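Student: Could you take me through one part of this structure slowly? I would like to look closely at a single helix and what lies around it.

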Amino acid sequence: ERESARARDQARSSLSCVASTLGGLQLESTRRDVPAAVDEAESHRLTHCTMAYFGGGSYNPYGPPVAQPPPAGPASPLDAMVQSAGYRNAERVKWEITRTTSTYSDLSPGTDMYTYDNGRQSLLVNLTGTIPIVYAANQQRYNIPVRIWLLNDHPEIPPVPYVVPTAEMRVHPGKHVDAAGKVYLPYLHHWNVATSSIVGLIGVMAEVFGREAPVYSVAA
């Protein structure tokens with residue numbers, strides 16, 4: 001019975017609040033003599049009622065308005081990529097990708113199916129675009145198209161870089177690049193989770209490609 005009376009008081013207080021906010025009206029059913037001692041409390045209640053009505057807060061007749069939590073923001077595209085690929089060290093992967101794309105603005109992240117040497121396939125994040133080099137033979141600057149795959153255990157195991165020639169290019173196999181465009185470097189062989197990084201790898205690739213061009217042009 002006590003709870004029912006409390007619920008009725010809440011309902012009457014809310015109705016009175018809305019009415020007073022919209023024009024200072026007072027419902028007959030809630031009209032009563034208010035002792036002077038509670039004038040300040042009533043003023044506090046009406047102030048918060050007005051705030052709730054115009055400001056979107058929740059009115060609580062037994063205390064101040066309850067703040068509403070802001071809606072959760074949408075996940076970034078990078079968050080979605082990393083989550084969809086199921087990386088074990090997702091935060092490190094996102095940090096490395098962000099750092100790399102800040103350093104090499106022509107690279108951008110994406111997802112695709114990667115095929116391992118045993119034929120197994122897995123959805124992975126890769127960085128695709130071009131990296132700048134200076135070719136030692138003529139001191140000319142070139143942009144080499146690459147794709148760098150981040151395996152599921154990154155950074156515990158090294159990434160897998162490829163040269164990906166455009167339609168006007170062909171792979172030039174050599175000591176560090178095979179016919180499929182896969183890149184082989186001592187930096188990858190000695191990959192260290194504490195000191196190695198994608199940015200460091202690209203720096204080594206640019207240095208090696210500056211001495212040994214990994215692609216050559218063909219007639220369109």
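Tutor: Happily; here is a walk from the whole chain to one helix and its surroundings. This is a predicted model, in which local features need pLDDT of at least 70 and side-chain atom pairs count only at pLDDT 80 or more, while totals for chains, interfaces and linings use all residues. Residues are numbered from 1 along each chain as its sequence is written, and side-chain values use heavy atoms, with hydrogens and water left out.

Let's start with the overall plan. The chain has six helices and six strands; here helices (H or I, at least four residues) and strands (E, at least two) are DSSP runs, numbered from the N terminus. Their order from the N terminus is α-α-α-α-β-β-β-β-β-α-α-β. Of the 220 residues in the chain, 32% are buried, where buried means under 20% relative accessible area, exposed over 50%, and partly exposed in between (1.4 Å probe, protein chains only).

Now for the helix itself. Helix α3 covers residues 77-85, and its buried residues are Leu-78, Met-81, Val-82 and Ala-85. They lie on the same side of α3 because they cover an arc of only 90° around the axis, the arc being that of the directions from the helix axis to the C-beta atoms. What sits over these buried residues? The cover includes helix α4 (90-103) and the strands β1 (108-115) and β2 (121-135).

Next, pick out Ser-84, which is also found in α3. Is Ser-84 buried or partly exposed? Ser-84 counts as partly exposed because its relative accessibility is 46%. If we set aside neighbours within four places in sequence, Ser-84 is in contact with Thr-111 and Leu-123; contact means heavy atoms within 4.5 Å. You can also compare places in sequence with places in space: Ser-84 and Val-125 are 41 residues apart in sequence, and their C-alpha atoms are 9.2 Å apart. For the chain as a whole, among contacts between residues at least 6 apart in sequence, 50% join residues at least 24 apart.

Finally, follow the chain past the end of the helix. Just after α3 comes Gly-86, which takes a positive phi of about 65°. So, when you turn the model, look for Leu-78, Met-81, Val-82 and Ala-85 on the same side of α3, with α4, β1 and β2 among what covers them.
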